[in-house]
Amino acid sequence: MSLNGSGGGAGRAIFAFTVFVAGLATSFSAQAQAPAAPVSSLAEQQPSAPIIQGVLVRGNQRIEVGTVTSYLPLQPGMPADAELLDLSLKTLFNTGLFSDVVLEMQDDGNLLIEVKENPIVNRVIFEGNRKIKEDKITEEIQLAPRTIYTRSKVQADAQRIVELYRAKGRFAASVTPKVTPLAQNRIDVIYEIDEGPKTGIAKVNFVGNHIYSDIELRGVILTKESRWWRFFTSNDNYDPDRLEYERELLRKHYGRNGYADFSVVSAVAELTPDRKDFFITFTVDEGPQYTVGEVRVKTTLAKLDETVLERYIPIKPGTIFDSERVEKAIETITFATGATGYAFVDVNPRLSRHAETNTMDITFEVNEGPRVYVERINIKGNTRTLDKVIRREIRISEGDPFNRVLVDRSRSRVRSLGFFSEVEIEEKPGSAPDRTELDLTVQEQATGSFSIGVGISSTERFIVDFSIEERNLMGRGQLLRFRAQASSRTRQVNIQFTQPYFLGRNVAAGISAFNQRTDFRESGFVRNRIGFGLNAGFQISEYGRGGLNYQFTNDKVRIDSLNRQSIAGGVDPLSILLPGATPISVDTQTTNGQEFQLVTATLCDFLLQSLSPTCQSRGDFVTSLVGATISFDTRNDPIRPTRGWRTVLATRFAGLGGDVNYYQTEISGAYYRRLFGDFVGVLKGRAGYIDGYGGDDVRLSDRFFEGASSFRGFEIAGVGPRFLTRFDTRKNRPDGQSIGAKAYAIGTVEILLPLPLPDAYGIRAALFSDFGTVGLVDESTKFINGDQSFFLRVPELDKDGAPILDQAGDPIFSFLAPVQDALALRMTAGVSISWNSPFGPVRFDIAEVIRQEVYDQTEGFRFSAGTSF
């Protein structure tokens, strides 16, 4: 008796057996895959099948005999039943180890199994792939070096490669697999790929739309019509899987704007006759626009007050129906009920349409839901970060009731660490119906950074800022930063260490030490500062955090710069200097027949400059201060938020010892909201105030200096109070030194623009407008304004900056007080472009000043760059 088969696992398996009854030989045959035939009277007379005495294996090269026999349902001592032999044959084929198998009963009662092993893949080679990299294809296919080759695998791989090319818009792509035999039953598998031309999108049409135009709806979906400038994106090719997502995007768009009955009737893609492009047509049914009628909450839970829950609903009667607000209301009610002790609630919004008035009543039915508990939380993908660093940010624990709000909040907190590029939480069934497992999968990203900042302005031609830091030291979440800055303006060394969970508690503790030398060119002084700081942070609520800090510094403020002033010939140079001061040099020159002298001396030796705020700030000072901060953050995403708000309040008190006494308060906030499509609106604001006490004024170096990145369109310290010393004829404006301000209030309006580029490029753009005021100085700073002999004579200018002339054609002059402190409104507008490039963040700011004071210092362009590791 024998069974044999060849080819794939379920190929033909034909068996035959012969028995002898009273000297008469009778033969039977059957197909292994055919259903069993009824037992005939002749079969009933057949003797029982022979008993298997042993199992012999022949033809195996790599696979052990014991491995082959382990797959068999037959063992020695069992009858060689035809059905069991057929099952054994199929079982061996299904292992994928053999290309051919033959089973045969020997005369001595042994079962002989002859096998032909499938070859081992030596290499997988791709030829002709230029648009898809080899590593991307390798991730998607089954065959790999040292795996077992089967025809089914190679055919499946070829089809998968074709699907990859179709997803890239290449529907004419074809793949031809070939095999090159090698010694020792090994092979090379070669996939010959013909990529074919790229299939684009000729036109995207909409049928049935009356409220929104085709142009507006094309902005909602991802698929774009092929254009030459869209070489950075892959959304201008046809992807059948993307069409289903487009349906959802259209539904959300209409749902946000009151069209609750909207539906996509069909989405059809038609290939052009030349097979180069597709026409995509969406047929839609918009339906009526609904406004909100009654909004109510109904519940059967005793501890819940329906009226109180209604206050949490962000939907007001009379407004346009918004499906996203309904989802937000469900989330809010779920969170509110969870806070009252109901972890298992089912919030079901019931929508009641009134066709005659196009209104919709919304009733949120809140009932007790099925009880589900978190059985296990699995952390995956953290190849570097320790599990405990992630788990301490998770707001739900194993054994807790499942809560969707806490799960989403956990994802946001883990993402806000800044250690991971992707954070996803997936629910999986647990060991019982009321159990669930959470898989938190992360993708590690670079947490160390090496950054260089470069700035361009009219006052500082080139600035380089170097820093190196590690935000996730040894995977423990610790911050270690070393910064060394060297430029014509600043030299500093700063080292900082922060432990986010000090002694295993949710309290951050840090220490820093620094040595800085800063040339405040805008104010004319150089400050050398050395000191250290201590800080601690702690959680005060789910969205709030507080902090305490202490700082000790020793400042040495020097004014070593030279200055030159001209006086008439014959005037004593000592008359313009302080008593006891001597000039460095006095040069006599003659211009237009008039003799004058150029006196060079140290800046503060001149009588006028000695009265300036800059010279008044000279000296050595020790500052000992304590501070406190409080912050709240409800943003939905800490990296790229589209909704929510964040605010920070900080106050500092100097005078705990030392030579300086002042108090300072600053507040900042930002509000994010999606406008339409992928456009996001941002409102930002910052304000601060500082004042001295105990008879102390605010030192120059402790005041607020705004401009550059903090007030785009102005130079560093280019906006705010100034001490005027001259008139710049080249720029047609008074010029002098920035003396800082005691108060500021700056707001920003931004619109984050969606770009037709993949998110992977990391390029973002925004339109912005910065506006605000910077001003206030102590009265002692302005005492020089009481002497008109120090006033600056300047020509009056028209709105175009040209001098105003009198009737005789001569310029009209006016006099400006030397200390200017106009707490006036300034405003700028422009565009900001940022790029998270492979070598670090790059940012361009282009700004136009709309409103300014005559003495403000402006700049139209700013650039910065850096790198990370």
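**Entry 1: a three-stranded sheet**

I began with an open sheet of three strands, whose order is 16-18-17 and whose pairing is mixed. The model is a predicted one. I looked for the edges and found strand 16 (373–380) and strand 17 (420–429), each of which pairs on one side only. From one strand to the next, the twist averages 20°.

I then took up the pairing of strand 16 with strand 18 (residues 435–444). The two run in the parallel sense, and I noted seven bridges between them. For a single pair I looked up Ile 379, whose bridge partner in strand 18 is Leu 440.

Next I asked what lies across this sheet. Helix 11 (residues 404–416) lies across strand 17 and strand 18. I recorded its direction as about 155° to strand 17.

**Entry 2: a hairpin**

I moved to strand 14 (residues 345–354) and strand 15 (residues 359–368). They run antiparallel and are joined by ten bridges. As background, I noted that strands of a sheet pair through backbone hydrogen bonds, either parallel or antiparallel. I looked up His 354 and found Thr 359 as its bridge partner in strand 15.

Strand 14 and strand 15 form a hairpin, with four residues between them. In the turn I noted Asn 358, which has a positive phi of about 50°.

**Entry 3: two loop residues with positive phi**

I looked up Asn 185, in the loop between strand 8 (174–182) and strand 9 (186–194). It is not a glycine, yet its phi is positive, at about 55°. Is Asn 185 buried or exposed? Neither: I have it as partly exposed, because its relative accessible area is 25%, and buried would require under 20% and exposed over 50%.

Met 474 is in the loop between strand 20 (463–473) and strand 21 (478–486). I recorded a positive phi of about 55° for Met 474, which is not a glycine either. Its relative accessible area is 63%, so I marked Met 474 as exposed.

**Entry 4: Gln 106**

I placed Gln 106 in the loop between strand 5 (98–105) and strand 6 (110–117). With a relative accessible area of 30%, Gln 106 is partly exposed. I also checked its separation from Gln 53: the two are 53 residues apart in sequence, and their C-alpha atoms are 9.7 Å apart in space.

**Entry 5: His 253**

I found His 253 in helix 7 (residues 240–256). I put His 253 down as buried because its relative accessible area is 10%, and the cut-off for buried is under 20%. Which residues is it in contact with? Leaving aside neighbours within four places in sequence, I listed Tyr 212, Leu 217 and Val 220 for His 253.

**Entry 6: nonpolar cores**

I turned last to the cores. In soluble globular proteins, nonpolar side chains tend to be buried together. The largest nonpolar core here has 29 residues. Inside it, the residues with the most contacts are Phe 525, Tyr 662, Ile 739 and Val 774. Strand 29 (619–633) and strand 35 (743–753) each supply at least two residues of this core.

I followed Tyr 662 further. Not counting residues up to four places away in sequence, the residues Tyr 662 touches include Leu 625, Phe 653, Ile 690 and Tyr 693. Arg 652, Asp 691 and Asp 702 are also among them.

I noted a second, separate core of 21 residues. Among its members are Ile 313, Ala 329, Ala 336 and Ile 362.

Methods:
Residues numbered from 1 in each chain as written. Predicted model: local features only at pLDDT ≥ 70, side-chain atom pairs only at ≥ 80, totals over all residues. Heavy atoms only, no water. Pairing = 2+ DSSP bridges. Axes fitted to C-alpha atoms, helices over the stretch in contact; angles between N-to-C directions. Contact = heavy atoms within 4.5 Å. Buried < 20%, exposed > 50% of the residue type's maximum accessible area, 1.4 Å probe, protein only. Core = buried A, V, L, I, M, F, W, Y, C linked by side-chain atoms within 4.5 Å.
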